[in-house]
Amino acid sequence: MNSSAILSLTTLVYGLAAFLYIFAWVFKKEIAGRVGTWVAFLGMVGNLAGIILRWIESYQMGIGHAPLSNLYESLVFFAMTITVIYLVVEHKYGNRIIGAFAIPLAFLAIAYASLSPNINDKIQPLIPALKSNWLIAHVVTCFIGYAAFAIAFGVSIMYIIKGGTIREEGVLSRLPDNKVLDELTYQLIMFGFLFLTGGIITGAVWANSAWGRYWGWDPKETWSLITWFVYSTLIHARMMRGWHGKRIAFLSILGFMAVIFTYFGVNLLPGLHSYGAMG
Amino acid sequence: MEKKETPPNFLKSIWRFFATVKLTVAVLLSLAVTSVIGTVIPQNQSSAAYIDAFGEKLFRIFGLLNFFDMYHSWWFQLLLILLTVNVIVCSLDRFPVIWKIVSVKNPPFNVRNFRSDAKKQEFVSKKSPNVLRKIYESFIRQKFRYCRVEGTDNGWCLFGEKGRWTRLGAYIVHLSIIFLLFGGLLGSVFGFEGYVNIPEGETVDSIWLNNRQERHQLDFEIRCEDFDVSFYESGAPKEYRSLITIFEEGQPVFKKNIVVNDPIRFKGINIFQSSYGTDAADTATLDITSRKSGLDYIKKVKIGETIELPEGIGMFSLKKYSRNALFRGHDIGESFLGILRPKDGNPIEVILPTRFPGFDKMRKGELIISIRDYDKRYYTGLQVTHDPGVPVVYIGFIIMILGCFVTLFMSHQRICIETIKTEENSRVMVAGTANKNKLGMQQKIKKITENLQDHS
């Protein structure tokens, strides 16, 4: 079995996990949620196996490099980081309903990678610009940050649809406590912010060693900075002005929109990061 | 409090204005929103390209607003300055208070505050307060840097704390931003960014500055000994490699192969592999076929040279090389141009594209000339930069990551354990506070309480 087959299978496993989590939440079937956790874990293992195998395959092809060099590979890695971080959160908070809002994101990421006709899943040799030790450090830090922001986004959506009120019954009443959602959003954003900062810094150091400048206002750089501005606004508002609840949830959603644009939208604009683009 | 000197109201209100977090939020969001413009409008293009894209009218408006080089525009720089002043003033404004809290030698504790904590934990132990005191103190000392025990009327009270200094975290981050902006300023004032194309075997001692039609003199010479480009089977580029020698006062002092991601750093100046191209070729080997005899002749000719053609047909001179020659308005790629002078008749201009060997057949002449081979000379495109601000910026990066970690994940945690002697045993209360992550602290207190219970 090659890495593509394993990763396609992983897509199905994540789909099943997402379904189980949503089912458990909507129909109040705790057992489905517990199975969901194991299925998500299985998906994560498959995801990791697929990534490692792809790495080995690239060496067998004589063009060995870490599988973090194009849109397909980054989406696959993104799906895995979302799942890992989610499973840690689930373990820590003991709540599976969050999974109904987090695992679908992992599923979407890997399904988009596997199914979109615009995304090439072939292992390609590295172009000269990407031949650097900074590749792994830069991509890994960025995507850990993005994944934390993605889950924070899911949690903020939960907060918004719950409307910040206490519900007596119904599907929404089973969502976690407002306070927990609010605190979790903020915890995830702080975690993501540290890694986004690290991602921007590793990118800057890399740019300086490859192009002789650490900052050049290239669209991807600029959008990562815009994302950084949005989340640092959120953190200042929280720490210094005590913002809570809905306002934080909205800022978190806005921040994730910036993440998505940094990730996908920038490929529509001219710039140096074009190797992250379709194709 | 009484102050001897009160600054004028106006200065005070300016200070107040710059010391607000509202301003921080406003400036951060403005920076976020305006930064988008420069990612949508390509920066530093030619006027013609902009007029093409936006039309005359928008071109003028955008030009007035500096949208074509917005990150260096006065208003964007003003936002950056506002942010800097805001960061500095906010820090100075709050620092004395925080410093007072942080620099205290004997931290003040008030047991009443802990008693009134809604999340405090309580349990009963069979041991006496004096026995418990020893166990608990050694336990807390392992977990908290500061620890002291005070006797009370009917028992004792233990206070512990750690991470008081982490209250300075935000100042560490702010300091890093000042480093970054200062480093950026150093670079833009004392640094330069430029490029130079050097044909193989040639030497230069100056470069072109980016975005300016200006040359910059270097105090050494750069020679490109050799350039190579290699490709993968798919046709994608694999490696660009230039062998560069640096000369000082005519003497070679440094030699290195540079590839993308592995530049030369020489006397604070960085030389990067950035592009390449083919330079004018100067010699071509011609394939000449005679229609009459069917014979093939091979002749080598330099540009500007004239040769005698076989079978006494006439003379041929190679005029020039063109990277993209035009034929009836079509780009036919790399070509040589020559003049054919038949013994009797007018000179004819001949185009010899390197990619289409049969091209000259169309002329229907007595001879068919094509390019068999030619010496192509590459030139290497180098990016040359000098930025004395880089070390300052890198220090800023390190401080920022450390500062972010401290600010986001470390907190000033305080714990209080009070033990009161009851008739047969002791009543224990455990409570704690933290300036951040209060939920996390509650869990920690719970865990510590469980541990203490196990020990007693």
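This section describes helix packing, sheet architecture and aromatic pairing in a predicted model.

In chain A, helix H6 (residues 178-211) packs against helix H7 (residues 219-241) at an angle of about 145°, and the two axes lie 10 Å apart. The crossing of H6(A) and H7(A) is left-handed. On the H6(A) side, the contact includes Tyr186(A), Ile189(A), Phe193(A), Leu196(A) and Ile200(A); among the residues contributed by H7(A) are Leu225(A), Trp228(A), Tyr231(A), Leu234(A) and Ile235(A). Charged side chains are also found in this contact, including Asp182(A) and Glu183(A) of H6(A) and Glu221(A) and Arg238(A) of H7(A). Overall, the residues of the contact comprise twelve nonpolar, four polar and four charged.

Chain B contains an open sheet of eight strands with antiparallel pairing, in the order E8-E7-E6-E5-E4-E20-E10-E9. Strands E8 (251-259) and E9 (264-266) of chain B occupy the edges; each has a single partner strand, so one side of each lacks a neighbour in the sheet. On average, neighbouring strands of this sheet are turned by 35° against each other, direction ignored. Within the sheet, strand E5 (residues 203-209) of chain B is joined by five bridges to the antiparallel strand E6 (residues 215-231) of chain B, and Ser206(B) stands opposite Gln217(B) in E6(B). Helix H6(A) also lies across E9, strand E10 (269-279) and strand E20 (377-386) of chain B, and runs at about 55° to E10(B).

An open sheet of four strands is also formed in chain B, with the order E13-E14-E17-E18 and antiparallel pairing. Its edge strands, E13 (306-308) and E18 (348-353) of chain B, each pair on one side only, and the twist from one strand to the next averages 30°. Eight bridges connect the antiparallel strands E14 (residues 314-322) and E17 (residues 335-342) of chain B; Ser317(B) has Ile339(B) in E17(B) as its bridge partner.

Across all chains, 51 aromatic pairs are found in the whole structure. The ring centres of Phe227(B) and Tyr378(B) are 5.4 Å apart and the ring planes are at 65°, so this pair is edge-to-face. Because Phe227(B) lies in strand E6 of chain B and Tyr378(B) in strand E20 of chain B, the pair ties together parts that are 151 residues apart in sequence. Both Phe227(B) and Tyr378(B) are buried. Elsewhere, ring pairs link residues of chains A and B into a cluster, including Trp215(A), Trp217(A), Tyr50(B), Phe54(B), Tyr71(B) and Trp75(B).

Notes:
Residues numbered from 1 in each chain as written. Chains lettered and ligands numbered in written order. Predicted model: local features only at pLDDT ≥ 70, side-chain atom pairs only at ≥ 80, totals over all residues. Heavy atoms only, no water. Axes fitted to C-alpha atoms, helices over the stretch in contact; angles between N-to-C directions. Helix = DSSP H or I, 4+ residues; strand = E, 2+ residues; numbered from the N terminus. Left-handed = near helix turned anticlockwise from the far one by under 90°. Contact = heavy atoms within 4.5 Å. Pairing = 2+ DSSP bridges. Phe/Tyr/Trp six-rings, centres within 6.5 Å; stacked < 30°, edge-to-face > 60°. Buried < 20%, exposed > 50% of the residue type's maximum accessible area, 1.4 Å probe, protein only.
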